[in-house]
Amino acid sequence: MRKFKLIDELNNEFDLMRKDAFLSTPNGLGFSKNIDFFQVDDFFIETEKKINQATITGEIVFLNYEVYQEFFNFINKKTLKLGYKPLNDWYFADCEISKLEKSEIGYQSKRLICNIEIVKKTPFYLPVLEFFEEETFESTKRYNYTYPYFYQSATSGKIEINSQVDNSPTKMIINAPVLNPSWALEQNGKVLSRGKINVEVNAGRIIVDSNPLSLGICIADNTNKCVENIYKYSDFDTERFIYVPKGKSYLTFTHDGLSDLSVVVEVREHYDTI
């Protein structure tokens, strides 16, 4: 049976399969695209293709007004993700609640049935996590968890990434202490893009985020909250923001400091529909 839930920025969850707050008759889980063509005789050549923003609609069946208020308090003024489990895996999409209607408790149903509209801000992405903690590259410990990201980490050097889709945005977390870190993405022996930040950070971490919704480079605290924008210190002769191609690729990291370099890479694999 398919499952739904909402997650806020603190990873608190609201289960939309609850008996007292059930998401019923969801629609809009597929996708549509605008495709432009140029006609040449009886043939049509594709010139542009864009995916349309999707809105998921449905009804939430609340047991009473108190449960409705609990749900409203959860979604009010928060950054949300929609979790969707069609079969065995959870997928996520950043979203906004654009409509939540409120009716009266039905005489026959004895329930509060409210229309809801959930606007997706991203495609669904696969919630797979692989975490590598390495003391050296010759001695590797591997742990598997379930989170809405694909993670790999290493103390220094090269990280191997296997992506199932093309052009996946990344979030690179470079832990302090670090001095003038740089990185390069390569595939099949060819360097696809590079980046560098000319800065010294002795506490916290540097986050380089290529997600279009949170694009930027900053110093963050240990909770990954950005405390200083350092985009101006980046090397503008490089691409800086990394988008991972489909298949096997490698990210190489170096810095000018003497300490071991500690890096975590998050890759979001987006899908039009699931």
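Contact here means heavy atoms within 4.5 Å. The structure is a predicted model, in which local features need pLDDT of at least 70 and side-chain atom pairs count only at pLDDT 80 or more, while totals for chains, interfaces and linings use all residues. Residues are numbered from 1 along each chain as its sequence is written, and side-chain values use heavy atoms, with hydrogens and water left out.

**Exercise 1. Find where tyrosine 84 is placed and list what it touches.**

Step 1. Tyrosine 84 belongs to strand β8; strands (E, at least two residues) and helices (H or I, at least four) are DSSP runs, numbered from the N terminus.

Step 2. Leaving out residues up to four places away in sequence, tyrosine 84 touches Arg2, Lys3, Phe4, Leu29, Asp89, Trp90, Tyr91, Phe124 and Ile274.

Step 3. Take isoleucine 274 from that list. Its C-alpha is 9.2 Å from that of tyrosine 84, with the two positions 190 residues apart in sequence.

**Exercise 2. Classify the ring pair of tyrosine 84 and phenylalanine 124.**

Step 1. A pair of aromatic rings is described by the distance of the centres and the angle of the planes. Rings of Phe, Tyr and Trp (its six-membered ring) pair if their centres lie within 6.5 Å; planes under 30 degrees apart are stacked, over 60 edge-to-face, and the rest tilted.

Step 2. This rule gives 10 aromatic pairs. For tyrosine 84 and phenylalanine 124 the centres are 5.7 Å apart and the planes stand at 45°, so the pair is tilted.

Step 3. The pair links distant parts of the chain, 40 residues apart: tyrosine 84 in β8 (residues 80–85) and phenylalanine 124 in β11 (residues 124–125).

Step 4. Buried means under 20% relative accessible area, exposed over 50%, and partly exposed in between (1.4 Å probe, protein chains only). Tyrosine 84 has 9% and is therefore buried; phenylalanine 124, at 0%, is buried.

**Exercise 3. Do the same for tyrosine 231 and phenylalanine 241.**

Step 1. The ring centres of tyrosine 231 and phenylalanine 241 are 6.4 Å apart with planes at 15°, so this pair is stacked.

Step 2. Both residues are in the loop between β23 (226–229) and β24 (243–244), 10 residues apart.

Step 3. Tyrosine 231 has a relative accessible area of 33% and is partly exposed, whereas phenylalanine 241, with 13%, is buried.

**Exercise 4. Describe the sheet that contains β18 and place glutamate 186 in it.**

Step 1. Two strands pair if DSSP finds at least two bridges between them. The open sheet has 4 strands in the order β15-β25-β18-β19, with antiparallel pairing.

Step 2. Its edge strands, β15 (157–163) and β19 (190–196), each pair on one side only.

Step 3. β18 (residues 182–187) pairs with β25 (residues 247–254) over 5 bridges and with β19 over 6 bridges.

Step 4. Glutamate 186 stands opposite tyrosine 250 in β25 and opposite valine 191 in β19.

Step 5. The hairpin of β18 and β19 has 2 residues between the strands, and asparagine 188 there takes a positive phi near 55°.

**Exercise 5. Which lysine lies over the face of tyrosine 250?**

Step 1. A charge sits over a ring if NZ of Lys or CZ of Arg is within 6 Å of the ring centre and within 35 degrees of the ring normal.

Step 2. Lysine 158 lies over tyrosine 250, 5.3 Å from the ring centre.
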